[in-house]
Amino acid sequence: MSRKIIIGDIHGAFKALQQVIARMKPGKTDELIFMGDYVDGWSQSAQVMDYLLQLENSHHCIFIKGNHDAWCEDWMKNGKTDEEWVKHGGQATINSYRGCTREQIDNHLWFFSRMPFYEIDHANRLFVHAGFSSMHGPVHEHFESNFFWDRTLWEVALATDRKLDRDSRFFPKRLNLFREIYIGHTPTTNYDVRIPMNALNVWNVDTGAAFKGPLTALDIVSKEFWQSDPVWKLYPDEDGRNK
Ligand SMILES: [Mn+2]
């Protein structure tokens, strides 16, 4: 049976990515959906990007674009070193690309440029790095950057009264558009949780790999999941984004 597995924010943690892949053992027929934020944080962003590009040749992969990927793309394309980006893990990415060839960077730039902002599957499940704001759904989103910056979708899912009827006119319209919504972006470690978090029909698989959490892969049908060791223990001489 083929599986559909989503992988949370990696943030340059190549060692954690290798562990998670070894533990979930993806087969040729499995579909892998990466939720974005491949770079920024731990020291191996360029290696993560190389690895994912290779993985695409042997496995069915979808790579959603995250806010950190958009920052990194901007740097590669325009040489723009956004101050916020450098502070939030960008410096580690710049360092990891020292010694890379122009050809390698161009390959990664091309990789970033073709990443979709979201994916909707045949079972009406949405996969997006952060969220969206239009009540009519992502197709009608006015602000592209919401796909990788929005936190309101997740906060709405967390804060909505569980007793509110789905048919109520007050039920959040965005949530009713999809059977399930899968996101990353907001670390579950913010809520002292180190496993995938579920709120109404939204599942958050960013378990804080950039900070003190593990990297997680989740089978969205069985809800079985695989995790790396806590990433900060794999990089004992680094801070990641714990600054
Ligand atoms: Mn992230």
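Strand 9 (216-219) and strand 10 (225-227) run antiparallel in this predicted model, and 3 bridges join the two. One spot to look at here is Ala217, which sits opposite Trp226 of strand 10. Strand 9 also has strand 1 (4-7) to pair with: those two run antiparallel as well, again with 3 bridges between them. In that pairing, Ile5 has Asp219 of strand 9 as its bridge partner.

Strand 1 in turn pairs with strand 2 (residues 31-34), this time in the parallel sense and over 4 bridges. Here Ile7 is matched with Phe34 in strand 2. Put together, these pairings belong to an open sheet of 5 strands, ordered 3-2-1-9-10, with mixed pairing. Strand 3 (60-63) and strand 10 stand at the edges; each has a single partner strand, so one side of each is left without a neighbour in the sheet. From one strand to the next, the twist averages 20°.

What covers strand 1 can be followed residue by residue. Both of its faces are covered, with Lys4 and Ile6 buried on one side and Ile5 and Ile7 buried on the other. Helix 1 (residues 14-24) lies across strand 1, strand 9 and strand 10, and runs at about 145° to strand 10. Strand 1, helix 1 and strand 2 together make up a right-handed β-α-β unit.

Then there is the core. In soluble globular proteins, nonpolar side chains tend to be buried together. The largest nonpolar core of this model holds 59 residues, and those with the most contacts inside it are Ile6, Ala13, Met35, Phe127, Val128 and Tyr182. Helix 1 gives the largest share of this core, 5 residues. As for Val128, its contacts further along the sequence than four places include Ile64, Phe117, Tyr118, Pro138, Phe147 and Ile183.

Val205 makes a good last stop. This residue is found in the loop between strand 8 (202-204) and strand 9. Is Val205 buried or exposed? Val205 counts as buried because 26 other C-beta atoms lie within 10 Å, where 20 or more are needed. Leaving out residues up to four places away in sequence, Val205 touches Ile6, Gly8, Met35, Tyr182, Gly184, Pro196, Thr216 and Leu218. Among these, Ile6, Met35 and Tyr182 also appear in the list of residues with the most contacts inside the core. Val205 and Ala217 are 12 residues apart in sequence, with 7.5 Å between them in space, C-alpha to C-alpha.

Methods. Residues numbered from 1 in each chain as written. Predicted model: local features only at pLDDT ≥ 70, side-chain atom pairs only at ≥ 80, totals over all residues. Buried ≥ 20, exposed ≤ 12 C-beta atoms within 10 Å, placed from the backbone. Contact = placed C-beta atoms within 7 Å. Core = buried A, V, L, I, M, F, W, Y, C linked by C-beta atoms within 7 Å. Pairing = 2+ DSSP bridges. Axes fitted to C-alpha atoms, helices over the stretch in contact; angles between N-to-C directions. Right-handed = clockwise from strand over helix to strand, strands pointing away.
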